[in-house]
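Trainee: Please take a close look at the enclosed space inside this protein, and then work outward to what lies around it.

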Amino acid sequence: MREEPNLAPSDWSRAMAKYRQPIHSRSIFELTVTVAPFVAIWAVAWWMLSMSTALAMALALVNAAFLVRLFMIQHDCGHGSLFRSRRLCDWIGRVIGVITLTPYDVWRKTHAIHHATTGNLDRRGVGDMPTLTVTEYREKGWLDRALYRLIRNPVFLFGVVPFYTFFLQNRLPVHLMRSGWRYWLSAMGTNAAIGSALTLIVWLGGWDVVLFVFLPTMFLGAVAGMWFFYVQHQFEETSWQHEENWNIHEAALYGSSHYELPSVLRWITGNIGVHHVHHLASRIPFYRLPEVIEDHAVLAKTKRITLRQSLRCAHLHLWDESRRRLLSFAEARALSA
(Lines give C-alpha, C1' and ligand atoms only; values in the text may rest on other atoms or scores of the structure.)
Protein backbone atom coordinates (compact mmCIF):
# COMPACT_ATOMS: atom_id res chain seq x y z
CA MET A 1 0.00 0.00 0.00
CA ARG A 2 1.55 3.26 -1.06
CA GLU A 3 0.96 6.72 0.34
CA GLU A 4 -0.36 9.34 -2.06
CA PRO A 5 -2.01 12.74 -1.96
CA ASN A 6 -5.70 12.78 -1.14
CA LEU A 7 -7.39 13.46 -4.48
CA ALA A 8 -10.66 15.31 -4.96
CA PRO A 9 -13.69 12.97 -5.00
CA SER A 10 -14.22 13.43 -8.74
CA ASP A 11 -10.55 12.62 -9.39
CA TRP A 12 -10.85 9.44 -7.34
CA SER A 13 -13.74 8.36 -9.53
CA ARG A 14 -11.57 8.69 -12.64
CA ALA A 15 -8.64 6.97 -10.93
CA MET A 16 -10.77 3.85 -10.45
CA ALA A 17 -11.15 3.22 -14.19
CA LYS A 18 -8.38 0.61 -14.38
CA TYR A 19 -10.17 -1.63 -11.87
CA ARG A 20 -13.47 -1.77 -13.75
CA GLN A 21 -12.74 -4.62 -16.14
CA PRO A 22 -14.22 -7.93 -14.94
CA ILE A 23 -12.07 -11.07 -15.09
CA HIS A 24 -14.44 -13.61 -16.59
CA SER A 25 -12.74 -16.69 -15.16
CA ARG A 26 -12.84 -15.09 -11.70
CA SER A 27 -16.51 -14.14 -12.10
CA ILE A 28 -17.40 -17.72 -13.03
CA PHE A 29 -15.38 -19.02 -10.08
CA GLU A 30 -17.07 -16.66 -7.60
CA LEU A 31 -20.50 -17.58 -8.94
CA THR A 32 -19.72 -21.30 -8.70
CA VAL A 33 -18.32 -21.25 -5.14
CA THR A 34 -21.45 -19.41 -4.03
CA VAL A 35 -24.21 -21.30 -5.86
CA ALA A 36 -22.81 -24.82 -5.34
CA PRO A 37 -22.56 -24.63 -1.52
CA PHE A 38 -25.93 -22.89 -1.31
CA VAL A 39 -27.66 -25.70 -3.23
CA ALA A 40 -25.71 -28.41 -1.38
CA ILE A 41 -26.55 -27.05 2.09
CA TRP A 42 -30.19 -26.65 1.06
CA ALA A 43 -30.29 -30.30 -0.02
CA VAL A 44 -28.60 -31.55 3.16
CA ALA A 45 -30.90 -29.46 5.37
CA TRP A 46 -33.92 -30.89 3.51
CA TRP A 47 -32.58 -34.42 4.03
CA MET A 48 -31.84 -33.72 7.71
CA LEU A 49 -35.51 -32.88 8.36
CA SER A 50 -36.29 -36.59 8.50
CA MET A 51 -33.88 -36.97 11.45
CA SER A 52 -33.73 -33.63 13.29
CA THR A 53 -35.69 -30.46 12.73
CA ALA A 54 -33.24 -28.52 14.91
CA LEU A 55 -30.20 -29.60 12.86
CA ALA A 56 -32.05 -28.84 9.62
CA MET A 57 -32.85 -25.33 10.87
CA ALA A 58 -29.25 -24.83 11.99
CA LEU A 59 -28.02 -25.68 8.49
CA ALA A 60 -30.65 -23.40 7.00
CA LEU A 61 -29.40 -20.53 9.16
CA VAL A 62 -25.80 -21.20 8.10
CA ASN A 63 -26.96 -21.12 4.49
CA ALA A 64 -28.12 -17.53 4.97
CA ALA A 65 -24.45 -16.58 4.54
CA PHE A 66 -24.45 -17.95 0.99
CA LEU A 67 -27.81 -16.28 0.33
CA VAL A 68 -26.30 -12.93 1.31
CA ARG A 69 -23.39 -13.60 -1.06
CA LEU A 70 -25.82 -14.49 -3.85
CA PHE A 71 -27.54 -11.16 -3.29
CA MET A 72 -24.18 -9.38 -3.58
CA ILE A 73 -23.56 -11.14 -6.89
CA GLN A 74 -27.04 -10.08 -8.03
CA HIS A 75 -26.05 -6.57 -6.93
CA ASP A 76 -22.98 -6.69 -9.20
CA CYS A 77 -25.14 -7.92 -12.07
CA GLY A 78 -27.35 -4.88 -11.55
CA HIS A 79 -24.33 -2.63 -12.03
CA GLY A 80 -23.20 -4.62 -15.08
CA SER A 81 -19.88 -5.37 -13.41
CA LEU A 82 -19.83 -9.19 -13.18
CA PHE A 83 -19.39 -9.81 -16.93
CA ARG A 84 -18.78 -7.55 -19.90
CA SER A 85 -22.09 -8.65 -21.42
CA ARG A 86 -24.95 -6.59 -20.01
CA ARG A 87 -27.46 -9.16 -21.19
CA LEU A 88 -25.62 -11.99 -19.42
CA CYS A 89 -25.48 -9.95 -16.22
CA ASP A 90 -29.19 -9.22 -16.45
CA TRP A 91 -30.27 -12.83 -16.88
CA ILE A 92 -28.01 -14.10 -14.12
CA GLY A 93 -29.43 -11.36 -11.92
CA ARG A 94 -33.02 -12.35 -12.79
CA VAL A 95 -32.41 -16.00 -11.91
CA ILE A 96 -30.74 -15.10 -8.62
CA GLY A 97 -33.62 -12.68 -7.94
CA VAL A 98 -35.98 -15.65 -7.65
CA ILE A 99 -33.75 -17.15 -4.94
CA THR A 100 -33.37 -13.84 -3.07
CA LEU A 101 -37.09 -12.96 -3.45
CA THR A 102 -36.03 -9.74 -5.19
CA PRO A 103 -37.38 -8.90 -8.67
CA TYR A 104 -34.20 -7.96 -10.47
CA ASP A 105 -35.36 -5.14 -12.74
CA VAL A 106 -37.33 -3.47 -9.94
CA TRP A 107 -34.38 -3.62 -7.58
CA ARG A 108 -31.93 -2.41 -10.26
CA LYS A 109 -34.10 0.66 -10.87
CA THR A 110 -34.47 1.61 -7.20
CA HIS A 111 -30.82 0.90 -6.52
CA ALA A 112 -29.79 3.16 -9.41
CA ILE A 113 -31.89 5.90 -7.80
CA HIS A 114 -30.10 5.22 -4.51
CA HIS A 115 -26.71 5.72 -6.17
CA ALA A 116 -27.91 8.89 -7.89
CA THR A 117 -29.39 10.49 -4.77
CA THR A 118 -27.50 9.16 -1.75
CA GLY A 119 -26.81 11.89 0.80
CA ASN A 120 -29.19 14.35 -0.86
CA LEU A 121 -31.62 15.80 1.69
CA ASP A 122 -33.97 17.02 -1.03
CA ARG A 123 -34.22 13.68 -2.85
CA ARG A 124 -34.89 11.23 -0.05
CA GLY A 125 -37.45 8.45 -0.26
CA VAL A 126 -36.33 5.82 -2.80
CA GLY A 127 -33.72 3.18 -2.07
CA ASP A 128 -32.64 4.66 1.27
CA MET A 129 -33.40 4.51 4.98
CA PRO A 130 -35.97 7.02 6.30
CA THR A 131 -33.87 9.80 7.84
CA LEU A 132 -35.08 13.07 9.33
CA THR A 133 -33.04 16.07 10.36
CA VAL A 134 -33.24 17.27 13.96
CA THR A 135 -35.25 20.30 12.83
CA GLU A 136 -37.69 18.22 10.79
CA TYR A 137 -38.25 15.86 13.70
CA ARG A 138 -38.96 18.71 16.13
CA GLU A 139 -41.53 20.19 13.72
CA LYS A 140 -43.47 16.92 13.49
CA GLY A 141 -46.61 16.21 15.51
CA TRP A 142 -46.52 13.61 18.27
CA LEU A 143 -47.97 10.87 16.05
CA ASP A 144 -45.41 11.38 13.27
CA ARG A 145 -42.64 11.44 15.87
CA ALA A 146 -43.90 8.20 17.38
CA LEU A 147 -44.02 6.53 13.94
CA TYR A 148 -40.51 7.69 13.12
CA ARG A 149 -39.21 6.43 16.47
CA LEU A 150 -40.85 3.08 15.73
CA ILE A 151 -39.30 2.86 12.27
CA ARG A 152 -35.84 3.70 13.63
CA ASN A 153 -36.11 1.28 16.57
CA PRO A 154 -33.48 -1.47 16.02
CA VAL A 155 -35.93 -4.29 16.81
CA PHE A 156 -38.40 -2.96 14.23
CA LEU A 157 -35.72 -1.93 11.72
CA PHE A 158 -33.89 -5.26 11.71
CA GLY A 159 -36.82 -7.51 12.57
CA VAL A 160 -40.01 -6.28 10.94
CA VAL A 161 -38.60 -4.22 8.05
CA PRO A 162 -36.53 -7.07 6.47
CA PHE A 163 -39.59 -9.33 6.49
CA TYR A 164 -41.79 -6.59 5.01
CA THR A 165 -39.22 -5.65 2.35
CA PHE A 166 -38.32 -9.09 1.02
CA PHE A 167 -41.55 -11.02 1.60
CA LEU A 168 -44.18 -8.33 0.96
CA GLN A 169 -42.93 -5.09 -0.64
CA ASN A 170 -40.94 -6.90 -3.33
CA ARG A 171 -44.07 -8.65 -4.55
CA LEU A 172 -45.70 -5.45 -5.89
CA PRO A 173 -43.65 -2.52 -7.29
CA VAL A 174 -46.27 0.11 -6.43
CA HIS A 175 -43.52 2.71 -5.94
CA LEU A 176 -42.73 2.36 -9.66
CA MET A 177 -46.37 2.62 -10.75
CA ARG A 178 -45.60 5.33 -13.33
CA SER A 179 -42.30 3.93 -14.55
CA GLY A 180 -43.71 1.47 -17.08
CA TRP A 181 -44.86 -2.12 -17.46
CA ARG A 182 -41.31 -3.51 -17.41
CA TYR A 183 -41.09 -3.39 -13.62
CA TRP A 184 -44.47 -5.03 -13.15
CA LEU A 185 -43.40 -7.76 -15.56
CA SER A 186 -40.23 -8.25 -13.53
CA ALA A 187 -42.15 -8.48 -10.26
CA MET A 188 -44.91 -10.72 -11.59
CA GLY A 189 -42.44 -13.00 -13.40
CA THR A 190 -40.36 -13.34 -10.23
CA ASN A 191 -43.50 -13.98 -8.17
CA ALA A 192 -44.63 -16.68 -10.58
CA ALA A 193 -41.23 -18.39 -10.44
CA ILE A 194 -41.17 -18.21 -6.62
CA GLY A 195 -44.71 -19.58 -6.45
CA SER A 196 -43.86 -22.45 -8.79
CA ALA A 197 -40.73 -23.30 -6.81
CA LEU A 198 -42.60 -23.28 -3.48
CA THR A 199 -45.41 -25.41 -4.94
CA LEU A 200 -42.85 -27.97 -6.11
CA ILE A 201 -41.11 -27.93 -2.71
CA VAL A 202 -44.39 -28.53 -0.85
CA TRP A 203 -45.37 -31.28 -3.29
CA LEU A 204 -42.05 -33.07 -2.90
CA GLY A 205 -41.26 -32.45 0.76
CA GLY A 206 -44.26 -30.92 2.47
CA TRP A 207 -44.67 -27.70 4.43
CA ASP A 208 -41.89 -28.64 6.85
CA VAL A 209 -39.33 -27.81 4.18
CA VAL A 210 -40.82 -24.34 3.77
CA LEU A 211 -41.11 -23.68 7.51
CA PHE A 212 -37.79 -25.10 8.71
CA VAL A 213 -35.46 -24.74 5.70
CA PHE A 214 -36.75 -22.07 3.34
CA LEU A 215 -38.00 -19.46 5.83
CA PRO A 216 -35.02 -19.50 8.28
CA THR A 217 -32.54 -19.04 5.42
CA MET A 218 -34.54 -16.27 3.79
CA PHE A 219 -35.35 -14.36 6.96
CA LEU A 220 -31.83 -14.40 8.42
CA GLY A 221 -30.42 -13.44 5.02
CA ALA A 222 -32.89 -10.54 4.84
CA VAL A 223 -31.93 -9.33 8.33
CA ALA A 224 -28.21 -9.49 7.50
CA GLY A 225 -28.77 -7.68 4.21
CA MET A 226 -30.74 -4.94 5.96
CA TRP A 227 -27.97 -4.44 8.51
CA PHE A 228 -25.21 -4.10 5.91
CA PHE A 229 -27.28 -1.70 3.81
CA TYR A 230 -28.00 0.35 6.91
CA VAL A 231 -24.47 0.66 8.26
CA GLN A 232 -23.04 1.64 4.88
CA HIS A 233 -24.70 5.07 5.08
CA GLN A 234 -26.09 5.45 8.60
CA PHE A 235 -22.90 6.11 10.55
CA GLU A 236 -22.06 9.08 12.74
CA GLU A 237 -19.83 11.05 10.34
CA THR A 238 -21.75 10.35 7.15
CA SER A 239 -22.69 13.15 4.75
CA TRP A 240 -26.04 14.77 3.93
CA GLN A 241 -26.44 17.97 1.92
CA HIS A 242 -29.24 19.94 0.35
CA GLU A 243 -29.46 19.95 -3.44
CA GLU A 244 -27.59 23.22 -3.94
CA ASN A 245 -24.54 21.93 -2.05
CA TRP A 246 -24.80 18.25 -2.96
CA ASN A 247 -22.20 16.57 -5.19
CA ILE A 248 -22.49 12.94 -6.25
CA HIS A 249 -18.75 12.23 -5.91
CA GLU A 250 -18.49 13.84 -2.48
CA ALA A 251 -21.60 11.97 -1.34
CA ALA A 252 -20.03 8.71 -2.54
CA LEU A 253 -16.72 9.24 -0.78
CA TYR A 254 -17.88 10.87 2.45
CA GLY A 255 -21.42 9.51 2.78
CA SER A 256 -20.49 5.84 2.42
CA SER A 257 -18.56 3.85 4.97
CA HIS A 258 -15.47 1.69 4.71
CA TYR A 259 -16.80 -1.11 6.87
CA GLU A 260 -13.68 -3.01 7.88
CA LEU A 261 -14.79 -6.58 8.52
CA PRO A 262 -13.06 -9.86 9.42
CA SER A 263 -12.00 -11.81 6.33
CA VAL A 264 -14.85 -14.36 6.60
CA LEU A 265 -17.47 -11.60 6.64
CA ARG A 266 -15.72 -9.78 3.79
CA TRP A 267 -16.07 -12.95 1.71
CA ILE A 268 -19.70 -13.54 2.66
CA THR A 269 -20.66 -9.93 1.87
CA GLY A 270 -18.74 -9.72 -1.38
CA ASN A 271 -16.51 -6.90 -0.07
CA ILE A 272 -19.52 -4.59 0.02
CA GLY A 273 -17.99 -2.99 3.12
CA VAL A 274 -15.63 -1.13 0.78
CA HIS A 275 -18.70 0.90 0.08
CA HIS A 276 -17.19 4.32 -0.50
CA VAL A 277 -15.14 2.88 -3.38
CA HIS A 278 -18.20 1.08 -4.72
CA HIS A 279 -20.15 4.35 -4.82
CA LEU A 280 -17.25 6.14 -6.51
CA ALA A 281 -17.04 3.46 -9.22
CA SER A 282 -19.95 1.03 -9.19
CA ARG A 283 -18.67 -0.86 -12.25
CA ILE A 284 -15.77 -2.36 -10.28
CA PRO A 285 -16.43 -6.10 -9.72
CA PHE A 286 -16.81 -6.96 -6.04
CA TYR A 287 -13.73 -9.18 -6.05
CA ARG A 288 -11.54 -6.28 -7.24
CA LEU A 289 -12.57 -3.82 -4.51
CA PRO A 290 -9.78 -5.03 -2.14
CA GLU A 291 -7.24 -4.18 -4.86
CA VAL A 292 -8.29 -0.55 -4.65
CA ILE A 293 -7.80 -0.45 -0.89
CA GLU A 294 -4.45 -2.21 -1.14
CA ASP A 295 -3.23 0.26 -3.76
CA HIS A 296 -4.50 3.46 -2.14
CA ALA A 297 -3.77 4.10 1.55
CA VAL A 298 -5.94 7.21 1.67
CA LEU A 299 -9.04 5.28 0.64
CA ALA A 300 -8.25 2.56 3.17
CA LYS A 301 -8.46 5.15 5.96
CA THR A 302 -11.42 7.16 4.65
CA LYS A 303 -14.68 6.78 6.63
CA ARG A 304 -13.38 3.59 8.20
CA ILE A 305 -15.51 1.90 10.85
CA THR A 306 -14.85 -1.42 12.56
CA LEU A 307 -17.35 -4.13 13.40
CA ARG A 308 -17.36 -3.04 17.04
CA GLN A 309 -17.82 0.63 16.18
CA SER A 310 -20.68 -0.20 13.82
CA LEU A 311 -22.87 -1.46 16.66
CA ARG A 312 -23.38 2.15 17.79
CA CYS A 313 -24.84 2.98 14.38
CA ALA A 314 -28.06 1.18 15.30
CA HIS A 315 -28.71 3.91 17.89
CA LEU A 316 -28.27 6.89 15.55
CA HIS A 317 -31.49 8.44 14.34
CA LEU A 318 -31.40 12.13 13.34
CA TRP A 319 -29.16 14.23 11.12
CA ASP A 320 -27.87 17.38 12.81
CA GLU A 321 -27.26 19.90 10.01
CA SER A 322 -25.28 22.29 12.22
CA ARG A 323 -22.89 19.68 13.64
CA ARG A 324 -22.93 17.58 10.48
CA ARG A 325 -23.34 14.22 12.13
CA LEU A 326 -26.01 11.68 13.02
CA LEU A 327 -27.33 11.84 16.57
CA SER A 328 -29.34 9.53 18.77
CA PHE A 329 -32.73 10.71 20.02
CA ALA A 330 -31.17 11.23 23.44
CA GLU A 331 -28.38 13.39 22.05
CA ALA A 332 -30.85 15.51 20.09
CA ARG A 333 -33.00 15.93 23.17
CA ALA A 334 -29.96 16.98 25.23
CA LEU A 335 -29.07 19.61 22.63
CA SER A 336 -32.54 21.13 22.73
CA ALA A 337 -32.41 21.22 26.53
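Mentor: The largest cavity in this predicted model has a volume of about 130 Å³. How many cavities of 30 Å³ or more does the structure hold? The count is one. Sixteen residues would be a long list to recite, so take the ones nearest the centre of the largest cavity: H114, T118, D128, H233 and W240, out of a lining of 16 residues. By class, that lining is made up of ten polar residues, five nonpolar residues and one charged residue.The open spaces come next. About 1,200 Å³ lies in the largest pocket. Its lining has 44 residues, and those closest to the centre of the largest pocket are G127, T165, Q169, M226 and F229. Helices α3, α5 (104-117), α8 (154-168) and α10 (207-231) are the elements that each give two or more residues to this lining. The largest share, eight residues, comes from α8. Sorted by class, the lining of the largest pocket contains 25 nonpolar, 17 polar and two charged residues.

The second largest pocket has a volume of about 340 Å³. It is lined by 17 residues, and F38, W42, I99, A197 and I201 are the closest to its centre. At least two lining residues come from each of α2 (24-48), α4 (86-99), α9 (181-205) and α10. Helix α9 gives the most, with six residues. What classes make up the lining of the second largest pocket? It has 17 nonpolar residues, with no polar and no charged ones.

Helix α3, named above for the largest pocket, also holds two residues worth a look. H75 is found in α3, which runs over residues 53-78. H75 counts as buried because its relative accessibility is 5%, and the cut-off for buried is under 20%. The side chain of H75 makes a polar contact of 3.2 Å with the side chain of H111. Leaving aside residues up to four places away in sequence, H75 touches W107, H111, I272 and H278. H111 therefore appears both as a contact of H75 and as its polar partner, with H75 itself buried at 5%.

Q74 is in helix α3 too. Its relative accessibility is 1%, which means that Q74 counts as buried. With residues up to four places away in sequence again left out, Q74 touches G93, I96, G97, T100, T102, Y104 and W107. W107 is listed for Q74 and also for H75.

Now for the record. UniProt, in an unreviewed entry, places the feature "domain: Fatty acid desaturase" at residues 54-294. In the model, the end C-alpha atoms of residues 54-294 lie 42 Å apart, and the span is 66% helix and 2% strand. The UniProt annotation "transmembrane region", also from an unreviewed entry, covers residues 28-48, 54-72, 150-169, 181-202 and 209-230. Two of those spans can be set against the model. Residues 150-169 are 85% helix and 0% strand, with end C-alpha atoms 18 Å apart. Residues 209-230 are 100% helix and 0% strand, with end C-alpha atoms 30 Å apart.

Past the annotated domain, three residues remain. H296 is placed in the loop between α14 (289-295) and α15 (297-301). Is H296 buried or exposed? H296 is buried, because its relative accessible area is 5%. A polar contact of 3.2 Å joins the side chain of H296 to that of Y19.

The other two residues concern the backbone. Most residues other than glycine have a negative phi. K303 is not a glycine, yet it has a positive phi of about 50°. K303 is in the loop between α15 and β3 (304-306), and it counts as partly exposed because its relative accessibility is 22%. R324, again not a glycine, has a positive phi of about 55°. R324 is in the loop between β4 (318-320) and β5 (325-327). At 34% relative accessibility, R324 counts as partly exposed.

Definitions and conventions
Residues numbered from 1 in each chain as written. Predicted model: local features only at pLDDT ≥ 70, side-chain atom pairs only at ≥ 80, totals over all residues. Heavy atoms only, no water. Helix = DSSP H or I, 4+ residues; strand = E, 2+ residues; numbered from the N terminus. Buried < 20%, exposed > 50% of the residue type's maximum accessible area, 1.4 Å probe, protein only. Polar contact = N/O pair within 3.5 Å; in protein donor to acceptor, adjacent residues only side chain to side chain. Contact = heavy atoms within 4.5 Å. 1 Å grid on protein atoms, 1.4 Å probe; cavity = no way out; pocket = protein on both sides within 12 Å on 5 of 7 lines; lining within 4 Å. Points joined across faces, edges and corners; volume = space filled by probe spheres on them. Nonpolar A, V, L, I, M, F, W, Y, C, P; charged D, E, K, R; others polar. UniProt positions renumbered as here; feature names shortened; annotations may be inferred.
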